Amino acid sequence: MKRGIIQALSAVLCVGLLAGAVSGCSVGKNKVPDLKEMSFELPTEAEEADITVEPIANLADDFIRGMDASSVLVEENSGVTYYNYEGEEQDVFMTLAQSGVNYIRIRVWNDPYDAEGNGYGGGNNDVATAIELGKRATKYGMKVCIDFHYSDFWADPRKQFAPKAWEDMGPEEKGEALHDFTIESLTEILDAGVDVGMVQIGNEINNGLSGEKNPITIMQLLKSGSDAVREISDNYDKEIQIVVHYTTIDQAYMIDHNAALLEKYEVDYDVMGLSYYPYWDGTMENMQEVVSNIVQKYGKKVVIAETSYPYTSEDGDGAGNSYSDGVDGYEVSVQGQADMVRDICAAASEAGASGVFYWEGVWIPVGAPTENNSAKWEQYGSGWASSYAGQYDPNDAGKYYGGCSWDNQAMFDFEGHPLESLKVFKYLKYGTVN
């Protein structure tokens, strides 16, 4: 996510794209554990629904309809319950799959804990958390994108801190550490049975990566991460796409500049990920131009790696909202949220993008806005940052730690019930009839 959480806060593992689950096949030198297979079919024609979705012409069957769901585990640990559309308790990953989501994105931090083991918050997203979430996503037929920040906490254009263990390393040693961390982490994740289809080597790296700001050094670090992913892909005989992720795409010339650097320094990657928040990142027309330029000029795939839109202006946990206003032509409502997601997917598809990930559509309040929820945020890491993160990030988390500023942009209500707008993913191709 961008803006530092807004300052105030064998062959493809023996399965197909949508089946996504592991069935005990032997991969490389490793035996991947069995996981239950469960997949959900998409509609083959327009269906009646409580939201209106216009069909997207020529939408590819394999278009990525993704969701970042990195906060689920700490939400549940904090007492949050997720429900299905009938009001029954249900694994949120099953609800996402039933709603047409086919890809889950999960961020990974190296060591998001202080010396006493207190979590920094924001999901406490270490490798163990990624494994638990990834296994659940795989169980319900969804592929997984692992988003390495190569930091111990949030990485974005404002800050790219090195992990604590790497702080005293020079660029060459840091590159070796990054390579080894990638190898070790992906080995653990894959051996646990997670169906990894993509790996991000860095998160919103416009202005740095792991504490390094020199563009040439950044390119070398990216090559270390890319080499590691290719090694894992070969060892497991599994196709894993490599993603390089940028934001601030309203500055189109800078995205082209970064793409040119990647080409010049021969960074091996498959997909450029772009954050596109319609209230921050310019027009959809500009987004399309950026996407089309990368596809046509550089021959790379593109995904919108992050996007979102509010369904309400209310604050669910008393911690304030990152964004609550609407965008011209789009209501702040459940239908408005569905309209925005549909139109971003349509614009991205038309420009040649391979898919869209909605950012943290599951991050809802852990208590009422009239309650003091600080104890849960601190203990379980379900706020955007805990006070313990202050030693690592003194100028942001150290001053502004607290709850979730994203609950009004989730696709579940404040009590954990899925919004009708979540179904937009299953209706993208054929639309709805009302």
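At the centre of what I want to show you is a closed barrel of eight strands, which runs β4-β5-β6-β7-β8-β9-β10-β11 with parallel pairing, and from one strand to the next the twist averages 25°. Some terms before we go on: helices (H or I, at least four residues) and strands (E, at least two) are DSSP runs numbered from the N terminus, and two strands pair if DSSP finds at least two bridges between them. Angles run from 0 to 180 degrees between N-to-C directions, with axes as lines fitted to C-alpha atoms, for helices over the stretch in contact. As a general point, strands of a sheet pair through backbone hydrogen bonds, either parallel or antiparallel.

Please keep in mind that this is a predicted model, in which local features need pLDDT of at least 70 and side-chain atom pairs count only at pLDDT 80 or more, while totals for chains, interfaces and linings use all residues. Residues are numbered from 1 along each chain as its sequence is written, and side-chain values use heavy atoms, with hydrogens and water left out.

Let us begin with β4, residues 64-68. Is this strand buried or exposed? Five of its five residues are buried, so β4 is largely enclosed by the rest of the structure; buried here means under 20% relative accessible area, exposed means over 50%, and partly exposed is in between, with a 1.4 Å probe and protein chains only. If you look along β4, I64, G66 and D68 point one way while R65 and M67 point the other way, and all are buried. On one pairing, β4 meets β11, residues 355-358, in the parallel sense over four bridges, with M67 standing opposite Y358. On another, three bridges join β4 to β5, again running parallel, and there G66 stands opposite Y103.

From β5 we can look at a helix: α4 packs on the sheet, touching β5 and β6 (143-148), and the direction of α4 makes about 175° with that of β5, where contact means heavy atoms within 4.5 Å. The loop between β5 (103-108) and α4 (127-139) holds N124, a residue with a positive phi of about 45° although it is not a glycine. N124 is buried, with a relative accessible area of 8%.

Moving along the barrel, β6 and β7 pair in the parallel sense over five bridges, and I146 stands opposite V199 in β7. Strand β7 is mostly covered, since six of its six residues are buried.

Which residues should we look at in the loop between β7 and α6? One of them is N203, which counts as buried at 0% relative accessibility; its C-alpha atom is separated by 6.3 Å from that of D156, although the two residues are 47 residues apart along the chain. Another is S210, in the loop between β7 (196-201) and α6 (215-235), and S210 has a positive phi of about 50° although it is not a glycine. S210 also counts as buried, at 0% relative accessibility.

In helix α6 itself we find S224, which counts as buried at 16% relative accessibility. Leaving aside residues up to four places away in sequence, S224 touches G175, L178 and H179, and the C-alpha atoms of S224 and K174, 50 residues apart along the chain, are separated by 9.4 Å.

Further round, four bridges join β8, residues 241-246, to β9, residues 271-275, and these strands run parallel. V243 stands opposite V271 in β9, and the bridge partner of Y246 is L274. Strand β9 is mostly covered, with five of its five residues buried; V271, G273 and S275 point one way, M272 and L274 the other way.

Finally, let me turn to a pocket. On a 1 Å grid over the protein atoms alone, a pocket is an open set of points with protein on both sides within 12 Å along at least five of seven lines, whereas a cavity is a set of points where a 1.4 Å probe fits but cannot get out; lining residues have an atom within 4 Å of a point. Grid points are joined across faces, edges and corners, and a volume is the space filled by probe spheres set on the points. The second largest pocket has a volume of about 190 Å³, and 13 residues line it, of which L42, P43, D61, K429 and Y430 lie nearest its centre.
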